[in-house]
Amino acid sequence: MELNKTYQDIECIDLNTDFQGIAFIDNKKVFIENFLPDEIADVKVTTIKSKFAKGEVKTFKQKSPMREGSLQSEQPYAYFGGCDLQTLNYDSQLKIKKQLTEKTAKLQDRNTQYVFDAVEASPKQTHYRNKIHYQLYFDPFDAVIKAGFFLKGTKKLVEVKENILADEKIVKILPKVLLKLNEHQIKIANIKEQVQGLKAVMFRWSETKKQMMVIFVATTKNIKKIERVAKELVRENNVIKSVYLNINGKNQGSILGRQMLLLAGKEAIQDELLGMNFNIPATAFYQVNAPQTAKIYQHVLDIIAADKKATVIDFYCGIGTMTNLIAPQVHKAIGIDIVEESINAAKQNAIINNIANSEFVAEDVNTFIQEYKKVDASLIAIIDPPRSGCTPEFIEKLTELNPDKVIYISCNPKTLITDLKAFNERGFEHEEIKLYDMFPQTLHVESVVLLSRVQK
Ligand SMILES: C[S@@+](CC[C@H](N)C(=O)[O-])C[C@H]1O[C@@H](n2cnc3c(N)ncnc32)[C@H](O)[C@@H]1O
């Protein structure tokens, strides 16, 4: 095999869990982006390592039917990253998600059979995200402020001309926000030249209440005229209900910094989910695909059913959405989250929905569980951790509390399998894993699984 050589008529035989096509050239395994099983192409070898190589498609000779009916967009997926499945039609996306999840499960744990249901389709396949952020930059050629995304795998900003994931309302409000920033000549940060200013803008949208939150992110709090921009945005656009300035001087890591200044409008926007209203503060976690979230929560409510003797602990509860929805059907519901603003919102959410039997604690679940004393005979646990999953100590302590049921909601099949294995070793068995497409066009998938103690 030669580096930079293009090999003719290479066939893709499979996909790896990162959605790269697998082919063999001179008996060496080659991973190739945007190359689907049964496709044939001329492939250029771009990297050679001892155990594998990497390549890129130069010319397709035969394309997969999975591409027929896929989205045709001006800025295809390869541009920004994230939308890896955009080149497939939606039915194929669902099939591929299931296949890759099964493959991940096998790689994580060869000794257990994990059974996955077909992936439940999302009610919306495009424009489903109620939250998104754009980088802001000053284009010296057009002399205007623009909104961009980083080109896949780089720090190069490219103007976003089309956004297939963001809610249509966000797509429509973006030019108005940019116009306002340009009108007032707001200073934009330039990391290279050490210029302080605005660097990003985040939007949150509630479709049920028609309310928008705009969060400007800046390297400093001294942004001249930003308050005027915020007040005018609220006055001139009746959907914009809240505008914040977030200060984040760091160049890496999460988009939002810790400091949040309310510039105009209300502190939080509100959304309705399964008949309850939820206040969503600026810094709190809230599921991005609301109609699909409703389906997942309904599934959890159905699993728990009416059980007036049970105490439910909703670990990693966010703003208490599930905790408050479940409370009316059980004896008591307790929600735990590490983010104080989320717990404050969860408490408010209990009040605005007249829920008297939910309680909330702002604490690390790992600390909470070490100190928790089981009082009621029947305990049901819900776990919805971040992508990193749970700690072994958490699982150990939870299983010692002997819950009747554990409902695990996961956004990362890899850590889900690691954690299921740990539950298994501690005498818990799981049922079929339900998969939900929370993030169409991307590789991400949400899983829900019920665990219970093995009956002896
Ligand atoms: C995937 S979100 C789930 C939120 C909620 N269940 C929902 O459906 O909206 C994970 C949540 O875990 C919280 N979190 C992360 N690490 C935590 C920890 N060690 N202890 C408690 N909460 C944590 C985050 O603040 C976030 O709200």
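This is a short tour of a ligand site and three helix pairs. The model is predicted.

**Stop 1: the ligand**

Select the ligand and the residues around it. There are 17 of them, and the closest are Gln287, Tyr297, Asp337, Val365 and Asp384. Now pick out the polar contacts. Start with Gln287: an N or O atom in its side chain is 2.9 Å from an oxygen atom of the ligand. Move to Ile338. Here the partner is a polar backbone atom, 3.1 Å from a nitrogen atom of the ligand. Next, show the side chain of Asp364. One of its N or O atoms is 3.1 Å from a nitrogen atom of the ligand.

**Stop 2: α8 against α9**

Leave the ligand and select residues 392-400, helix α8, together with residues 413-425, helix α9. Their axes come within 10 Å and cross at roughly 40°. Angles from 35 to 65 degrees count as oblique, so α8 is oblique to α9. The crossing of α8 and α9 is right-handed. Show side chains at the contact. From α8, take Ile395, Leu398 and Thr399; from α9, take Asp419, Ala422 and Phe423. By class, this contact of α8 with α9 holds four nonpolar residues, one polar and one charged.

**Stop 3: α1 against α9**

Keep α9 on screen and add residues 90-108, helix α1. The axes of α1 and α9 come within 9 Å, crossing at roughly 45°. That angle makes α1 oblique to α9. Viewed as a crossing, α1 and α9 are right-handed. On the α1 side, select Thr101, Thr104, Ala105 and Gln108. They meet Pro413, Lys414, Ile417, Thr418 and Lys421 of α9. Colour the contact of α1 with α9 by class: three residues are nonpolar, four are polar and two are charged.

**Stop 4: α2 against α3**

Clear the view and select residues 168-183 for helix α2 and residues 226-236 for helix α3. What angle do α2 and α3 pack at? It is about 140°, with the axes 10 Å apart. Angles over 145 degrees would count as roughly antiparallel, and α2 and α3 are therefore oblique to each other. The crossing of α2 and α3 is right-handed.

Now display the contact residues. α2 contributes Lys176, Val177, Lys180, Leu181 and Glu183. Facing them in α3 are Ile226, Val229, Glu232, Leu233 and Glu236. Sort the contact of α2 with α3 by class, and the result is five nonpolar residues, five charged and no polar.

Methods: Residues are numbered from 1 along each chain as its sequence is written. This is a predicted model: local features need pLDDT of at least 70, side-chain atom pairs count only at pLDDT 80 or more; totals for chains, interfaces and linings use all residues. Side-chain values use heavy atoms; hydrogens and water are left out. Axes are lines fitted to C-alpha atoms, for helices over the stretch in contact, and angles run from 0 to 180 degrees between N-to-C directions. Helices (H or I, at least four residues) and strands (E, at least two) are DSSP runs, numbered from the N terminus. Angles under 35 degrees count as roughly parallel, over 145 as roughly antiparallel, 65 to 115 as roughly perpendicular and the rest as oblique. A crossing is left-handed if the near helix is turned anticlockwise from the far one by less than a right angle, and right-handed if clockwise. Contact means heavy atoms within 4.5 Å. Ala, Val, Leu, Ile, Met, Phe, Trp, Tyr, Cys and Pro count as nonpolar, Asp, Glu, Lys and Arg as charged, and the others, Gly among them, as polar. A residue is near a molecule or strand if one of its heavy atoms lies within 4 Å of it. A polar contact is a pair of N or O atoms within 3.5 Å; within protein, one must be able to donate a hydrogen and the other to accept it, and residues adjacent in sequence count only if both atoms are side-chain atoms.
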